[in-house]
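The exercises below go through a ligand site and then a set of aromatic rings, each with a worked solution. Please keep the sequence and the structure in view while working through them.

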Amino acid sequence: MKQKRAVAINDISCMGKCSLTVALPIISSLGIETVVLPTAVLSSHTAFEGFTFCDLTEEFAPITQHWKQRAEEFDCIYSGYLGSLRQIELVEHFIRDFKTEATTVIIDPVLGDHGRLYTNFTEEFAESMAKLCAYADVITPNLTEAAFLLGREYVGEGYTEEYVKELLCELASLGAKKIILTGISFDEKRLGIACYDAASGEYSYYAGERIESMFHGTGDVWASSFTAAYVKGYDFAQAAKIATDFTVQCIKATVDDKENHWYGVKFENCLADFCIKYARGNTLSK
Ligand code: PXL
């Protein structure tokens, strides 16, 4: 019987626990084959000083042509950090070439956090990412990314649920079918996600415990565990809840050791639990 298979399009930050070094173990842990399409190799993620960056854009076409010749298929295309405008274009081509009726496209429009774009990103890049979102079944921006995707002012706190619903509707107008806004908080104790299904108009909010500590890579941990659970067959809102609970657990496993571990969470210590809780059930291709 066929195993479910996802392709993760993201960078390899050799050190720092984000992008592919997080996506590969987390998605694989639920029994899903995880094919990788690396967009760049960095010595570490960009929050480390002095990181190196080797762009892999030129590898994109030969790798994907090889897969195309072999008529490879994917149950899920999951894209994250993209290094250039050209790469956004190539991901668009990739989706056009490989998406079938059975393929779920999940785009995490990685752009920034805390109201600021990550190093090397521009507003033009954000505009292009907004166009890519039209190809997605699910997008998973945080509030910073939502603001840049929509060309709106960033509001990081003191917002209302009405404001969040307005953002979700505007994000849906970019063309994605389902939207999840991450890092949403309506009180000091809880932090969570707001989900919107454009077809049904259904809205839901789920929050976990808010831990007053910031770690890099938690967006990737969230998006990877969401992808794993969604491909596994959990529904949209269930998968979003699973990812939220897992991310909170990973932060809790790290918070006592923040001095040594500022660069990423100790998700490895939580993987066995994730696997035991969610790996059973439907892993077979449609
Ligand atoms: O976690 C998002 C991310 C992915 N890849 C690289 C990054 C970051 C965030 O800083 O620098 C290279």
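A residue is near a molecule if one of its heavy atoms lies within 4 Å of it. The model is predicted, so to speak of local features pLDDT of at least 70 is needed and side-chain atom pairs count only at pLDDT 80 or more, while totals for chains, interfaces and linings use all residues. Residues are numbered from 1 along each chain as its sequence is written, and side-chain values use heavy atoms, with hydrogens and water left out.

**Exercise 1.** List the residues that surround the ligand and divide them by character.

*Solution.* Begin with the shell itself, which consists of Asp11, Ser13, Cys18, Ser19, Leu42, His45, Thr46, Tyr81, Val110, Tyr118 and Asp220. Then sort these residues, counting Ala, Val, Leu, Ile, Met, Phe, Trp, Tyr, Cys and Pro as nonpolar, Asp, Glu, Lys and Arg as charged, and the others, Gly among them, as polar. The shell divides into five nonpolar, four polar and two charged residues.

**Exercise 2.** Find polar side-chain atoms that lie 2.6 Å from the ligand, and state how much of the ligand the protein buries.

*Solution.* A polar contact is a pair of N or O atoms within 3.5 Å; within protein, one must be able to donate a hydrogen and the other to accept it, and residues adjacent in sequence count only if both atoms are side-chain atoms. Aspartate 11 places a polar side-chain atom 2.6 Å from a ligand nitrogen, and threonine 46 places one 2.6 Å from a ligand oxygen. In aspartate 220, a side-chain N or O atom is 2.8 Å from an oxygen atom of the ligand. Taken alone, the ligand exposes 310 Å², of which the protein buries 95%, with areas from the Shrake-Rupley method and a 1.4 Å probe, where for residues only the protein chains shown count as cover.

**Exercise 3.** How are the rings of phenylalanine 226 and tyrosine 230 arranged?

*Solution.* Rings of Phe, Tyr and Trp (its six-membered ring) pair if their centres lie within 6.5 Å, and planes under 30 degrees apart count as stacked, over 60 as edge-to-face and the rest as tilted. The structure holds 18 aromatic pairs. The centres of phenylalanine 226 and tyrosine 230 are 5.3 Å apart with the planes at 20°, so this pair is stacked. Both residues are buried (under 20% relative accessible area, against over 50% for exposed and in between for partly exposed, with a 1.4 Å probe and protein chains only).
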